[in-house]
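Please look through the model below with its interior in mind, and keep the sequence at hand so that each residue named can be located as the account proceeds.

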Amino acid sequence: MFTRRHFVAATALTSVSLLTRSNISAYAARSEAPLPIPQLIDAKANANAVSLTIGQGVHAYRPGQSVPSFGYSAPVLGPVIRLARDERVDVTIENKMSRPTTVHWHGLVIPGEMDGGPHNSIPAGDRWKVSLPVDQPECTAWFHPHPHEETAEQVYSGLAGVLIVEDGSGERMGLPRSYGVDDLPLVLQDRFFDRRGAPIYQPGPMDIMAGYRGDTIIVNGAVAPIARVPAGLVRLRLLNGANARIFDLRFSDGRSFHAIASDGGYLATPVRLRNLLIAPGERYEVLIDFADGSEVMLETGADQNVPMMGMMRGAAPFVGGGSVMKFQIDPSQRAAVTSVPKHLVDMPLPDRSKAVARRQFLLNDMIMGGMMGGMGFGRGAGRFGPAMTINGQPFDSDRIDVETKLGTMEVWEIGSQMMAHPFHVHGTQFQILSLNGQVPPLHLQGWKDTVLVAREAQILVPFKQTAPRDHPFMFHCHILEHEDAGMMGQYICS
Ligand code: C2O
Ligand code: CU
Ligand code: CU
């Protein structure tokens with residue numbers, strides 16, 4: 001069960017458990033269970049009414065090891081909800097947990113009142129009814145809890161689901177779209193498991209600083225699963241739903257694949273890749289060709305994103321690479337799609353010279369401004385201990401950090417110190433103008449709501465939805481421990 005432990009204070013900067021977790025143990029304990037495919041709810045076929053119940057269930061991350069878990073109308077994770085563009089979808093959410101939560105629609109461009117951030121709290125036992133106006137290009141988005149200071153723990157406990165927005169364009173392009181056959185959602189996460197197979201969430205100060213990373217990768221809630229796919233093109237909707245781990249995905253035989261969409265929808269043309277970095281909060285849709293009929297492993301490289309500082313290096317929770325899951329060919333399934341389209345969508349780029357403001361956001365690790373100054377665990381520190389900040393200020397739900405004007409665009413410059421941070425903005429999809437001083441690579445030239453900032457990024461952010469003072473939009477680091485520890489701000493739009 002998820003019990004909140006009191007986090008050890010500043011004296012325990014190095015915890016023993018951190019030193020022992022250097023490699024992924026997933027395939028040491030091969031489970032070879034079939035890939036779980038979440039239930040698909042097509043909102044339109046349901047008269048645009050969807051009900052979700054948040055509650056405790058029983059789930060086996062590893063076969064035979066049933067443990068308590070949390071999910072949205074599911075033992076763990078939630079259904080994949082398909083939303084049609086230009087429809088209004090009435091969602092009713094019942095919180096059957098014994099603690100408050102919120103449901104945030106990450107990637108949907110909708111007004112602040114419906115966004116599900118920390119200001120949309122659903123008390124224990126209560127219901128939240130929200131009507132989502134779906135008006136954006138076809139994409140893969142997701143939903144997850146966003147309660148004040150408890151996002152990390154609630155997501156880790158199992159709460160996350162995938163959203164698909166459809167506008168007919170993928171169908172016109174002839175992309176794979178048989179759900180569960182050649183169109184698979186893959187929710188990538190990592191966990192520490194105890195001997196009974198239950199996830200452990202006990203972050204110490206070091207984990208808050210680096211982000212909590214487990215030694216075992218799970219896909220759709222299963223350790224080392226196997227997907228059986230047709231011998232043709234298969235579309236994977238990749239979601240990094242991990243608290244902190246960055247996946248560097250590639251195939252064991254080195255085969256290339258094509259990225260066709262990023263967070264906010266399709267790229268202009270498919271981008272051929274051999275590896276793909278996906279940071280917490282990000283989504284990519286990729287096409288893999290299985291026509292050669294051979295079995296292959298999806299693997300990840302090591303995640304080296306830890307605070308770069310001499311005194312920490314020895315104890316940093318650096319995690320090695322390893323296998324994620326296996327793909328096997330099922331000859332009984334027909335390959336519906338066999339060729340990658342040449343062109344996907346026209347992407348008229350917004351004119352950056354029309355930006356009405358330029359703002360800077362410095363993602364400060366507490367290490368520099370805090371601990372080094374001897375106050376990281378003192379005043380201004382979050383309830384997790386170390387305080388994380390943006391422009392030197394930890395999150396304050398009563399403070400509006402930025403005021404924007406509806407219908408305008410701004411250039412935001414984000415700087416990261418000490419380690420890379422995946423910067424996420426609610427209520428919009430933006431364009432990356434530059435990444436560490438360079439033009440971003442092709443697969444990062446589409447619409448995004450989350451960008452991994454290693455050193456600095458410039459993004460062009462359009463404001464197309466309103467957010468009033470009592471329901472502002474958030475912007476934050478999507479390493480969930482950083483978010484909860486204060487690396488978050490809020491903006492309004494009118
Ligand atoms: Cu995916 Cu503010 O979150
Ligand atoms: Cu979001
Ligand atoms: Cu961060």
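What follows moves from the overall make-up of the chain to its nonpolar cores, then to its enclosed and open spaces, and finally to a few individual residues.

The model is a predicted one, and everything said here about it should be read in that light. The protein chain holds seven helices and 31 strands. Of its 494 residues, 63% count as buried. When contacts in the protein chain with a separation of 6 or more are considered, 79% of them are accounted for by residues 24 or more positions apart.

The nonpolar interior can be taken up next. The largest nonpolar core has 65 residues, and the members that touch the most others in it are Leu186, Leu238, Phe327, Trp412, Phe423 and Ile459. Strand 21, which covers residues 322–329, supplies the largest share of this core, namely four residues. Because domain 2 (183–329) and domain 3 (352–493) both give residues to this core, it lies between them. Apart from this core lies another, of 29 residues, and Leu52, Val103, Trp105 and Met114 are among them.

Leucine 238 deserves a separate word, since it appears again further on. If its neighbours within four places in sequence are left aside, leucine 238 is in contact with Leu186, Leu188, Leu249, Leu276 and Ile278, and also with Glu282, Arg283, Tyr284 and Val286. One of these partners, Leu186, is also named with leucine 238 among the residues that touch the most other members of the largest core.

Which residues line the largest cavity? The lining consists of Leu236, Leu238, Leu249, Phe251, Phe257, Leu276, Val286, Ile288 and Leu298, so that leucine 238 is met here again as a lining residue. Strand 14 (233–240), strand 15 (247–251) and strand 19 (283–289) are the elements that give two or more residues to that lining. Sorted by class, the lining has nine nonpolar residues, with no polar and no charged ones. The space in this largest cavity comes to about 40 Å³, and the count of cavities of 30 Å³ or more is three.

The largest pocket holds about 440 Å³ of space. Its lining is made up of 21 residues, and Gln136, Pro137, Gly264, Trp447 and Lys464 are those that lie nearest its centre. By class, the lining of the largest pocket has eight nonpolar, seven polar and six charged residues, whereas the lining of the largest cavity has no polar and no charged residues.

Two residues invite attention for their backbone angles. Most residues other than glycine have a negative phi. Asparagine 391, although it is not a glycine, has a positive phi of about 50 degrees; this asparagine is found in the loop between strand 23 (389–390) and strand 24 (402–404). Methionine 418 likewise has a positive phi, near 70 degrees, in a residue other than glycine, and its place is in the loop between strand 25 (409–416) and strand 26 (421–425). Is each of these two loop residues buried, or partly exposed? Asparagine 391 has a relative accessibility of 42% and therefore counts as partly exposed, while methionine 418 has a relative accessible area of 17% and is therefore buried.

Three further residues show how parts of the chain that are apart in sequence come together. Aspartate 330 is found in the loop between strand 21 and strand 22 (357–364), and with a relative accessible area of 12% it is buried. Its C-alpha atom is separated by 5.4 Å from that of arginine 228, a residue 102 positions away along the chain. Not counting residues up to four places away in sequence, aspartate 330 touches Arg228, Val229 and Pro230.

Serine 131 lies in strand 7, residues 127–134. The C-alpha atoms of serine 131 and valine 89, 42 residues apart along the chain, are separated by 5.4 Å, and beyond its neighbours up to four places away serine 131 touches Arg88, Val89, Asp90 and Met114. Met114 is also one of the residues of the 29-residue core.

Histidine 471 is found in the loop between strand 29 (456–462) and strand 30 (473–477), and at 17% relative accessibility it counts as buried. Leaving aside neighbours within four places in sequence, histidine 471 is in contact with Gly112, Glu113, His119 and Asn120.

Note on methods
Residues are numbered from 1 along each chain as its sequence is written. Chains are lettered from A and ligands numbered from 1 in the order in which they are written. This is a predicted model: local features need pLDDT of at least 70, side-chain atom pairs count only at pLDDT 80 or more; totals for chains, interfaces and linings use all residues. Side-chain values use heavy atoms; hydrogens and water are left out. A nonpolar core is a set of buried Ala, Val, Leu, Ile, Met, Phe, Trp, Tyr and Cys residues joined through side-chain atoms within 4.5 Å. Buried means under 20% relative accessible area, exposed over 50%, partly exposed in between (1.4 Å probe, protein chains only). Domain bounds come from an automatic or database domain assignment. Contact means heavy atoms within 4.5 Å. On a 1 Å grid over the protein atoms alone, a cavity is a set of points where a 1.4 Å probe fits but cannot get out, and a pocket is an open set with protein on both sides within 12 Å along at least five of seven lines; lining residues have an atom within 4 Å of a point. Grid points are joined across faces, edges and corners, and a volume is the space filled by probe spheres set on the points. Ala, Val, Leu, Ile, Met, Phe, Trp, Tyr, Cys and Pro count as nonpolar, Asp, Glu, Lys and Arg as charged, and the others, Gly among them, as polar.
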